[in-house]
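Reader: Could you take me through one part of this model up close? I'd like to hear about the first helix and how it sits with the rest of the chain.

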Amino acid sequence: MTRVEIMPVRTRKLIGAMALLALLVVWSLGAMAFAQFALVSANHLVAGLYYAAAGIGWLPPAMLLVGWMSRPDRMSGS
């Protein structure tokens, strides 16, 4: 029986890089659009806290994505 790769690391890294770029674009545009409507008359402290939270909020999904990208190859078959 031949061994078949499920998905090589190189392919996962390509898909993951594109997904990470899309995540960053969507996250930043969404955060800015939300801030334009919700923080127009907000206190500077509230705005600063929002931007700090929005600035680090993309890290957990990105960490999961990078973890998936860096998994070692898994071979099926014997």
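**A close look at helix 1**

Author: Sure, let's set the scene. The protein chain has three helices and two strands. Keep in mind that this is a predicted model. Starting at the N terminus, the elements come in the order β-α-α-α-β. The chain is 78 residues long, and buried residues make up 14% of them. Its accessible surface is about 6000 Å², with 74% of that belonging to carbon and sulfur atoms. Among contacts with a separation of 6 or more, 80% are between residues 24 or more positions apart.

Now for the helix itself. Helix 1 covers residues 9–38, which is 30 residues. How far apart should its ends be? At 1.5 Å a residue the expected span is 44 Å, and the end C-alpha atoms are 41 Å apart, so the two values agree.

Next, the side that faces inward. The buried residues of helix 1 are R12, G16, A31 and A35. As a group, these buried residues pack against helix 2 (44–56) and helix 3 (59–69).

Two of those names come back in the largest nonpolar core, a set of six residues: A31, A35, L39, A47, Y50 and A54. Helix 1 and helix 2 are the elements that each give two or more residues to this core, and helix 2 provides the largest share, with three residues. Y50 is a nice one to click on: leaving aside residues up to four places away in sequence, Y50 touches A31, F34, A35 and L39. That puts A31 and A35 on its contact list as well as among the buried residues of helix 1.

Then there's the outward-facing story. L21, V25, L29 and M32 make a nonpolar surface patch of about 390 Å². Take L29, which lies in helix 1. Is L29 buried or exposed? Its relative accessibility is 52%, and the cut-off for exposed is over 50%, so L29 counts as exposed.

To pull it together, helix 1 has A31 and A35 among its buried residues, while L29, one of the patch residues, counts as exposed.

Note on methods: Residues numbered from 1 in each chain as written. Predicted model: local features only at pLDDT ≥ 70, side-chain atom pairs only at ≥ 80, totals over all residues. Heavy atoms only, no water. Helix = DSSP H or I, 4+ residues; strand = E, 2+ residues; numbered from the N terminus. Expected span 1.5 Å × (residues − 1). Buried < 20%, exposed > 50% of the residue type's maximum accessible area, 1.4 Å probe, protein only. Contact = heavy atoms within 4.5 Å. Patch = residues over 30% accessible without salt bridge, like charges linked within 9 Å, V, L, I, M, F, W, Y side chains within 5 Å. Areas by Shrake-Rupley, 256 points an atom, 1.4 Å probe, with all protein chains shown as cover. Salt bridge = Lys/Arg side-chain N within 4 Å of Asp/Glu carboxyl O. Core = buried A, V, L, I, M, F, W, Y, C linked by side-chain atoms within 4.5 Å.
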